[in-house]
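Please go through the packing of this chain with me. Keep to what can be computed from the atoms.

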Amino acid sequence: MDISRRNVLLGGAGAVGASALGLPRPALAASGPIKVGWLAALTGPSSAPAIGFNRGVVFAAEAINAAGGVKGRKIEVITRDTQGDPTKAVNATQEMISQLKVDAVWGPTNSGESLAVTPIMARAKMPNIHPCVIDSLIDPKKFPNAFRLSPANFQWDDAVRHYCLKVLKVKKVAVIGDTTGYGVAAANASTAALKKDGADVVYHANIDATQTDMTPDMLRAKNAGAEAIVCWSTSTGMDARLFNTRATMGWDVPFVGHPSMSSGEIGSLVEKPANWDKVYAVGYRSCSYDSAGKLPAHSQELVDKLKGKVDLKDTLLWWVAGGVDAINLIAKAVEVTGSTESKAIIGYWNTLTKYPGYFGTYTFSPEQHNGYPTDEVVMSAASSAKDGTFALAPGYS
């Protein structure tokens, strides 16, 4: 069974002939693998997203290969653990381009790393799809090879700001980020947007994710009169220490922000379950269950496929689904165009309109490489996890 018959695995997108898309159609190598470079921060303080994404990557590649590959060609995933270190990410990227000769790169998973490697991949015209949210990472003129399958940070920030100001109706906000490239940029952008919309940012800080004592920063935020804390960090350890400190202080302030605050790891890091209450993390319609506990049908389809193969208890469904979608988007480009040439893969991605992935419905064009629809971004009750999915935060219909 070839990949064109496995539309369920590939998100349901039907094959379109390369000639109809005006794309080149070089002959496929008879049996050579399709090499996918996977830049993953699998260890280190910001590893939670990559661990989840990796489960989806492995699942998708194994499923495609078990069904015969892409017209007989197997998916070969070449993984490098970048540890969240931009220097390691640069070295791994150069290795993938110059020595390993990969056909496309998925990742990195952290924006600080992506800021370092995106120009390198652009110079090499390497097809790159990533989940990093820093706005400047997507620029079709500067980086015509780079595509984003997650929302941009401005979409996350819009959802967080709307929830704070319109749903919680707070006026005084503290903004906390970690000291990574992402944490600094996201906190700065969040502060600027909150101020623009009339909020009073009473405290702004960037904290080393390995810092053990969060009390000084939390006291400063409380003494400044913060009515909500907006948090931008991928470190679940840092998140949990903030929540535990809030409880120790007897402070009932809500946390609103980054999806990592809803990672299953936090359940084992908080000192008691109640410490995780009143935490609202960025989430997605595709990974949110309704009042009856039901997911959208397409998402439930993926969860059913993952049962017994992928553990969702300590990760997020959107991370796993994003990994599945990334591999499928690369495989689909090769299947449709008949080529692993960079021009063919990039050209195919530029034709996608409402591609039905499991994480999101992606639309790309030569002028627009932010593919995730804003209306699918919501806020979740962070501690309401069920198979990596969440209940909508209070205030949503």
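The exchange below covers domains, core and rings.

Modeller: This is a predicted model, where local features need pLDDT of at least 70, side-chain atom pairs count only at pLDDT 80 or more, and totals for chains, interfaces and linings use all residues. Residues are numbered from 1 along each chain as its sequence is written, and side-chain values use heavy atoms, with hydrogens and water left out.

Colleague: How far apart do the C-alpha centres of domain 1 and domain 2 lie?

Modeller: The bounds come from an automatic or database domain assignment. It gives domain 1 as 31-152 + 299-373 and domain 2 as 154-290 + 379-391. Their C-alpha centres are separated by 27 Å.

Colleague: Which domains give residues to the largest nonpolar core?

Modeller: Such a core joins buried Ala, Val, Leu, Ile, Met, Phe, Trp, Tyr and Cys residues through side-chain atoms within 4.5 Å, buried being under 20% relative accessible area (1.4 Å probe, protein chains only). The largest has 84 residues, with W106, W156 and W318 among the members that touch the most others. This core lies between the two domains, because residues come from both domain 1 and domain 2.

Colleague: Which ring has K386 over its face?

Modeller: A charge sits over a ring if NZ of Lys or CZ of Arg is within 6 Å of the ring centre and within 35 degrees of the ring normal. K386 is placed at 4.4 Å from the ring centre of Y289.

Note on methods. Buried < 20%, exposed > 50% of the residue type's maximum accessible area, 1.4 Å probe, protein only.
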